[in-house]
Amino acid sequence: MSSLNGIKVIEFCEIAAGPFCGMLLADMGADVIKVERPNGDAMRTWPPLTDGYSENFASVNRGKRSICLNLKDPGDIAHARRLILGADVVLENFRPGVMQRNGLDYATMSALNPGLIYCSISAFGQTGPRSGEGGFDLTMQAMSGVMSVTGEPGGAPVKCGVPLCDFVSGLYGAYGIAAALNARASTGKGQHIDVSMLGATLGVSALQTSEFFGTGKAPRKLGSAHPRNAPYQAFEAEDGHFGMAAGNNGLWASVCRVVGREDLEKDPRFIDPTTRAQNQDTLRDLLEAIFRTKPIAHWIAAFHEAGVPCSPINTYPEVLQDPQVAHMGWVQQIALPNGVTTQTFGPVLRINDTAQSVTRRPPALGEHTDEILAQLTASGEA
């Protein structure tokens, strides 16, 4: 039995952070009702479009039902209100103040539904000097410091290729909602969870913020290298690059044996992780002179045999075909509302050594409007 069976979530969200959070709850069994404006979540237009349906949208909206409501229309606001009064959780990612203007904010709704858990995801949070500002993943990567440590030393600002701020905010939202549901089980009271993209991104930047607190110096770009450990980065071989991480002295000794330079193990420049990190440019040059003599496959095999973590620099097609991905059951077939069958990266968590299945396809725009309104009428929710 899924852990959130019987939990009803009303999602007022678009694009990535909020919808990803809602999907995580749906994956755990919650009934997630996605409230969309008449022309739909903007991500519905994002390519790739398979027979007109966005696979990007499908990737963060599986497991949900969709209802179309125009929150500028008093009748539809009344429908939204009824949905919230019958819900366990509300999830929204409007700018602060939007839900309040519609009379759908936490203070108003919790007065009538005291057990309501209400999660607001925004760029900067619900209060404070920046609370009225908007933000997207790019601007939040810039604001949060992520771009200051991403890329090669001396290079132009580069964002992380994955929309880190959006998705980590969704994860924090799901985490907060799960904790609030647990608290409500004993207190009967709901909570208002305030997730800011800035805070979530700084939260997962613990190593960078602590480096500043400890040294007073701003962390800097190191490319693929690590500020406190080496060898721990991408290295050039004869036919390209691979990643190798010797994160302790035992693994470093194994690296020295693999490359035939046991003398380096006792070299005072490389005697421990700290000294290796301090001299990692020299160390990289020494190792790459050896690595360039043989292809990637040779070094991957040699380091695997020696127990040193290493990997090719995979593309997404390559990693999605890895046997470990297949074993974990992560890539699953999914039907789109237009009848086309495609693939998706399904629920990540295995529970009791079992992959969790996609139980409901992503919805067509407004597909469940009549069904949901009929349920409201039948339940007498007012």
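Student: In which strand is Ser122 found?
Tutor: Happy to start there, and please keep in mind that this is a predicted model. The strand in question covers residues 117-122. Ser122 is found in strand S7.

Student: Is Ser122 buried or exposed?
Tutor: Let's use the cut-off: a residue counts as buried when its relative accessible area is under 20%. Ser122 has a relative accessible area of 6%. By that cut-off, Ser122 is therefore buried.

Student: With which side chain does the side chain of Ser122 make a polar contact?
Tutor: Leaving aside neighbours within four places in sequence, Ser122 is in contact with Phe94, Pro96, Val195, Ser196 and Met197. The polar contact you ask about spans 3.4 Å. The partner is the side chain of Gln126.

Student: Which residues of helix H16 are buried, and how wide is the arc they fall within?
Tutor: Helix H16 takes in residues 369-379, and its buried residues are Thr369, Ile372 and Leu376. On the other side of H16, Asp370, Thr377 and Ala378 are exposed. Seen down the axis of H16, the buried residues line one face of the helix, because they fall within an arc of 75 degrees.

Student: What covers the buried residues of H16?
Tutor: Good follow-up! The cover includes helix H3 (74-85) and two strands, S2 (31-36) and S5 (64-68). S5 is itself mostly covered, with four of its five residues buried. So that you have the names together, the cover of H16 includes S2, S5 and H3.

Student: How many bridges join S2 to S5?
Tutor: These two strands run parallel. Across the pair, Lys34 stands opposite Ser66 in S5. The number of bridges that join S2 to S5 is five.

Student: In what order do the three strands of the open sheet with S10 come, and which are the edge strands?
Tutor: The pairing in this open sheet is antiparallel, and the order is S9-S10-S11. From one strand to the next, the twist averages 25 degrees. An edge strand here pairs on one side only, and the edge strands are S9 and S11 (310-312).

Student: Which residue in S11 does Met244 stand opposite?
Tutor: S10 and S11 run antiparallel, and three bridges join them. Opposite Met244, in S11, stands Cys310.

Student: At about what angle to S10 does H13 run?
Tutor: Helix H13 lies across S9, S10 and S11. Its angle to S10 is about 15 degrees.

Student: How many residues does the largest nonpolar core have?
Tutor: Nonpolar side chains tend to be buried together in soluble globular proteins. In this core, the residues with the most contacts inside it are Phe242, Met244, Val255, Phe291, Trp299 and Phe303. The elements that give two or more residues to it are S9 (232-237), S10 (240-245), H10 (249-258), H12 (280-291) and H13 (296-306). The largest nonpolar core has 23 residues.

Student: What does Phe291 touch?
Tutor: Residues up to four places away in sequence are not counted here. Phe291 then touches Phe235, Glu236, Ala237, Glu238, Phe242, Met244, Val259, Trp299 and Phe303.

Student: What percentage of the 382 residues of the protein count as buried?
Tutor: For the overall picture, the secondary structure comes to 16 helices and 15 strands. The C-alpha atoms fill a box of roughly 80 × 50 × 40 Å, taken along the principal axes. Of the 382 residues, the share that count as buried is 42%.

Definitions and conventions:
Residues numbered from 1 in each chain as written. Predicted model: local features only at pLDDT ≥ 70, side-chain atom pairs only at ≥ 80, totals over all residues. Heavy atoms only, no water. Core = buried A, V, L, I, M, F, W, Y, C linked by side-chain atoms within 4.5 Å. Buried < 20%, exposed > 50% of the residue type's maximum accessible area, 1.4 Å probe, protein only. Contact = heavy atoms within 4.5 Å. Polar contact = N/O pair within 3.5 Å; in protein donor to acceptor, adjacent residues only side chain to side chain. Pairing = 2+ DSSP bridges. Axes fitted to C-alpha atoms, helices over the stretch in contact; angles between N-to-C directions. Arc of directions from axis to C-beta.
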